[in-house]
Amino acid sequence: MDFIVNRKVLLDALSKVSRAVSPKNPIAALIGIQFDFKNDRLILTGSDSDMSIQVTIKENLKINQKGSVVLNSRYILEIVRKMDSEDIHIFIVDGTLTRIEGNNSKFQLNGMSAFDYPRIDFSTEGVHFTIHAFLLKEAIEQTVFATSNKETSPAYTGVNFKFQDNILNLTATDTYRLAKKTIKTDSDALFDIIIPKKSLNELSRIIEKDEVVDVYVSDRKSLFVFDDIYVRSRLVEGTYPDISRLIPQSFNHTLTVDSYKLLNAVSRATLLLDEKDDYITLTMDSENVKVSSYSQSVGSVEENLYDAVFKGDPLKISFKAKYLSDAIRSLNTDKVILLFVGNMRQFIIRSYDQKDNDVDYSMHLILPVRTYN
């Protein structure tokens, strides 16, 4: 293997591929990135078995001799990042010993044989549909944060992608809160899968421009293809629970409020609280809306939201502050509306501009808690 490549192009590709690599992987080859040539293109592959990323470099590349090698992800990334030359010359000296040269720098890095690298299935098979990259990125960011960290309930550790009747539903829950994004499409795809949150987080970070993403779903994997990048993820086994019954269909109280003012009030209300028990209370009537919190060992906070508009009978409800803040930030809108059934019933947060009959929408649900103060 012997080639010359533009440093910035290689660095960008390595930065993307390395997102799939775990430095603690028990399989030695998967600590590295595979360099391989096919059809006069350099293909970089990184994987942790659960998630795999492949990036193809076609331009700013001069191939002197084809070949393949696996190089430690951490070291090759840092070497390329810190070299000061416009182009980098990479070639195998002996066996898997690889030299990386720039203007004034020369590194020799012990590699591994590409034969030791697991074969990864990047085939474009299964149910296919397309989606715009920024819409996919937004959908992920508006749902993935609500997944669970508890491996005892595997289905909750990922986002449910359900495609039916030309509608793609993304749903995530940790049983205390729920996030849902619904997208109307022209596709007649049909599937119901769960994709791990780590894969979706990395996919979202890789997306940099709005382009068409080809998505392929089979019974074993999901594959996202765009801009010479392949992102493959295993699927979480199991069936996602039916959460439709948890979503209230009618409401007795509504609160309309500026997103940033509410976020700032919530932030101040949690200043005296422990991170694990950051429960706050909304006390609302037609005359006043108040955010408050109380800690027996530290003190209390109380703040009025004078510009908020509340409709309905007086209501007092307590809940975890982080859940509300996460939901509002993900909506990324100037004004939100909170819809309540009662003081110990789950409530909804959504954009104020969203209409009841909208097919494309984002919705967040939070369970209240009982407090004794």
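In this predicted model, R350 is in contact with L331, V336, I337, L339, D356 and S362, leaving aside neighbours within four places in sequence. R350 is found in strand 25, which spans residues 347-351. Its relative accessibility is 15%, and the limit for a buried residue is under 20%, so R350 counts as buried despite being a charged residue by class.

The nonpolar interior comes next. The largest nonpolar core has 62 residues, and F35, L44 and F161 are those with the most contacts inside it. Helix 1, residues 7-17, supplies the largest share of this core, five residues. Apart from it lies another core, of 31 residues, which includes L282, A308, A321 and I366.

F161, one of the residues with the most contacts inside the largest core, touches L136, L168, N169, L170, F191, D192, I193, I195 and L200, when residues up to four places away in sequence are not counted. Among these partners, L136 belongs to helix 3, residues 133-141, where the buried residues are A133, L136, A139 and I140. Seen down the helix axis, these buried residues fall within an arc of 130 degrees, so they line one face of helix 3. An α-helix has 3.6 residues a turn, so residues three or four places apart point the same way.

There is also open space to consider. The largest pocket has a volume of about 470 Å³. Its lining consists of 21 residues, and D174, Y176, R177, K320 and Y323 lie nearest the centre. By class, the lining of this pocket has eight nonpolar, seven charged and six polar residues.

Conventions. Residues are numbered from 1 along each chain as its sequence is written. This is a predicted model: local features need pLDDT of at least 70, side-chain atom pairs count only at pLDDT 80 or more; totals for chains, interfaces and linings use all residues. Side-chain values use heavy atoms; hydrogens and water are left out. On a 1 Å grid over the protein atoms alone, a cavity is a set of points where a 1.4 Å probe fits but cannot get out, and a pocket is an open set with protein on both sides within 12 Å along at least five of seven lines; lining residues have an atom within 4 Å of a point. Grid points are joined across faces, edges and corners, and a volume is the space filled by probe spheres set on the points. Buried means under 20% relative accessible area, exposed over 50%, partly exposed in between (1.4 Å probe, protein chains only). Helices (H or I, at least four residues) and strands (E, at least two) are DSSP runs, numbered from the N terminus. The arc is that of the directions from the helix axis to the C-beta atoms. A nonpolar core is a set of buried Ala, Val, Leu, Ile, Met, Phe, Trp, Tyr and Cys residues joined through side-chain atoms within 4.5 Å. Contact means heavy atoms within 4.5 Å.
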